[in-house]
Each structure stands twice: as structure tokens, then as C-alpha cells.
Amino acid sequence: MKLTIIGCSGSFPGPDSPASCYLLEADGFRMLLDFGNGALGALQRHIGLYDVDAVCLSHLHADHCLDLCSYHVVRTYSPDGPLPKVPVYAPADASRRLNSAYAMPDEPVMESSFEFVRLQPGVRRIGPFEVATALMNHPVETYGFRVSHGGRSVAYSADTGESADLVTLARDADLLLCEASFLEGPGVRPDIHLTGRQAAEHAARAEAGTLVLTHLVPWYDPERILGDAAAGGFRGRTELARSGAVYDLG
């Protein structure tokens with residue numbers, strides 16, 4: 001299983017990264033976790049334009065789903081004609097919301113390119129992967145993911161405030177992609193995002209192998225986020241997500 005970070009910028013694309021998008025590959029199958037704005041361009045550095053086999057959307061904020069509209073154009077207007085549908089696992093109302101974002105009433109709807117499948121907490125097979133999902137602590141319906149293959153696993157927090165369910169989802173994961181959107185300090189809003197310290201605390205409680213801090217909002221210095229994580233009690237490897245970084249989990 002291989003993980004490639006396509007985009008790790010939080011809330012909007014940054015100067016060095018698109019918004020949230022992560023590519024997981026195994027046995028020739030390619031699955032995206034989130035497809036935030038700007039991700040489609042960077043994705044083409046790593047796989048072919050038509051090579052996405054499945055998409056999982058954690059939630060319907062634009063920085064996690066908006067480039068599905070661009071990918072609809074790719075799959076609808078390919079020079080060889082419309083391409084087969086790709087399954088999109090997403091929260092309720094995804095098709096309506098994304099059709100509204102695309103807003104081209106005289107053109108094919110998103111359902112012509114994608115088969116939308118409603119996410120719920122639980123475990124399912126997607127290609128060669130076992131995918132566990134759990135609700136996270138965010139103002140809209142949001143799912144964290146644990147993707148397993150060949151005895152290895154990657155957990156992804158999506159967007160969340162402090163969450164016992166995230167600790168359960170990430171238990172003994174080889175790698176935890178955990179959001180760290182906020183700096184430590186007074187006035188940190190609860191139940192929406194994590195600080196670097198809080199991300200490290202979740203990784204420590206889950207006894208994860210490696211912690212990768214992601215959803216890095218461009219107006220904050222990422223080195224300060226990394227410094228905050230040092231106070232979280234996690235003893236494993238901790239690093240900042242970077243667009244283009246590849247993790248080969250064997």
C-alpha cells in the first residue's frame with residue numbers, strides 16, 4: 001500500500017499545496033481520500049488523468065470536495081467520449097451539493113460521471129482496501145477513515161475537533177494523517193479543528209506509528225504547528241504533510 005499526499009492545505013489552497021487530497025494505491029487500484037480545490041492538477045503528476053478508481057469524500061466543505069466538479073468535466077468530455085462512472089463514497093446530499101456547485105443546467109449532471117454511495121459509520125470493501133469510517137467532531141457530517149491492506153493501515157482524521165472516535169479509528173495504525181489547523185493559544189475554538197498538540201495527543205492515545213500533521217492553513221507558520229505537537233506526548237515520528245510526499249507502507 002502506498003500513500004501519496006496530493007494536497008494538504010487547510011481551508012483553501014496554499015502557495016505550495018492544493019487543498020485536501022490523498023492518494024492510496026494497492027494492487028493497481030487507486031483511491032482518493034478527499035478531492036479539494038486545486039488537487040486535480042497536482043494529481044496528474046502521480047497518476048494518469050483517467051486512472052482514479054474510487055473517491056471517498058470526508059465531508060462537503062469546498063476544500064475537501066470541490067475538484068470533483070473539475071473531474072466531472074474530465075470524465076464527461078474526454079476526447080474518447082464519456083468514461084465509465086467512478087464510485088464516490090460521500091455524506092448525504094453530496095450529489096445535490098456538487099451539482100449546485102457545478103451549476104450547468106444544460107450539461108450532464110454529476111451522476112453521469114459518478115455513482116454516489118452514502119457513507120455511514122462502519123466497515124466496507126473498496127477495491128482491495130478495507131475501509132472503516134467513523135463520524136468526526138466537526139460542524140457538518142464528517143467522516144474519518146481507516147484504510148487497511150496487507151496488514152498495514154493509514155488513518156485519516158479529516159476535519160475534527162477532539163474526538164474519542166478518532167483515537168479508536170487510529171488505534172495501532174501505521175500512519176495517522178491528522179489535521180492540525182489551529183495554533184495553541186487562548187481562544188481556540190472547540191469542536192471544529194485540532195491544534196498540533198491535540199493532534200499529537202490523539203496519536204499518543206491511539207499508539208499510532210507515525211504522525212503526519214495535515215490540513216495546514218496557509219496563514220499559520222507550519223513550524224509553529226510542528227512545535228506545538230512536540231508538547232502532545234507522542235513518542236513516534238512526527239512530521240508536516242507536504243504535497244508530493246510518498247509513504248510506501250509495504
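**Packing of helix 7 and the seven-stranded sheet**

Helix 7 packs through its buried residues against helix 6, strand 12 and strand 13. In this predicted model, the buried positions of helix 7 are Ile225, Asp228 and Ala229. These residues span an arc of only 105° around the axis and therefore lie on the same side of helix 7. The helix comprises residues 222-229 and lies across strand 12 and strand 13, with a direction at about 160° to strand 13. At the start of helix 7, the backbone nitrogen of glutamate 223 is approached to within 2.9 Å by a side-chain oxygen of aspartate 221. Helix 6, formed by residues 196-206, lies across strand 11 (175-179) and strand 12 (210-214). Its direction is at about 150° to strand 12.

The strands contacted by these two helices belong to an open sheet of seven strands with mixed pairing, arranged in the order 7-8-9-10-11-12-13. Strand 7 (122-126) and strand 13 (237-240) form the edges, each pairing on one side only. On average, neighbouring strands of the sheet are turned by 20° against each other, direction ignored. Within the sheet, strand 8 (residues 129-135) runs antiparallel to strand 9, and six bridges join the two. Threonine 133 is placed opposite phenylalanine 145 of strand 9.

Strand 9 covers residues 143-149 and includes serine 148. Serine 148 has a relative accessibility of 16% and so counts as buried, the cut-off being under 20%. Leaving aside residues up to four places away in sequence, serine 148 touches Pro128, Phe129, Glu130 and Ser153. The C-alpha atoms of serine 148 and serine 58 are 17 Å apart, and the two residues are separated by 90 residues in sequence.

Histidine 59 is found in the loop between strand 4 (54-56) and helix 2 (62-65). With a relative accessible area of 0%, histidine 59 is buried. Its side chain makes a polar contact of 3.4 Å with the side chain of histidine 61. When residues up to four places away in sequence are not counted, histidine 59 touches Asp34, His64, Cys65, Pro91, His138, Val140, Glu141, Thr142 and Asp159.

Methods. Residues numbered from 1 in each chain as written. Predicted model: local features only at pLDDT ≥ 70, side-chain atom pairs only at ≥ 80, totals over all residues. Heavy atoms only, no water. Helix = DSSP H or I, 4+ residues; strand = E, 2+ residues; numbered from the N terminus. Buried < 20%, exposed > 50% of the residue type's maximum accessible area, 1.4 Å probe, protein only. Contact = heavy atoms within 4.5 Å. Pairing = 2+ DSSP bridges. Axes fitted to C-alpha atoms, helices over the stretch in contact; angles between N-to-C directions. Polar contact = N/O pair within 3.5 Å; in protein donor to acceptor, adjacent residues only side chain to side chain. Arc of directions from axis to C-beta.
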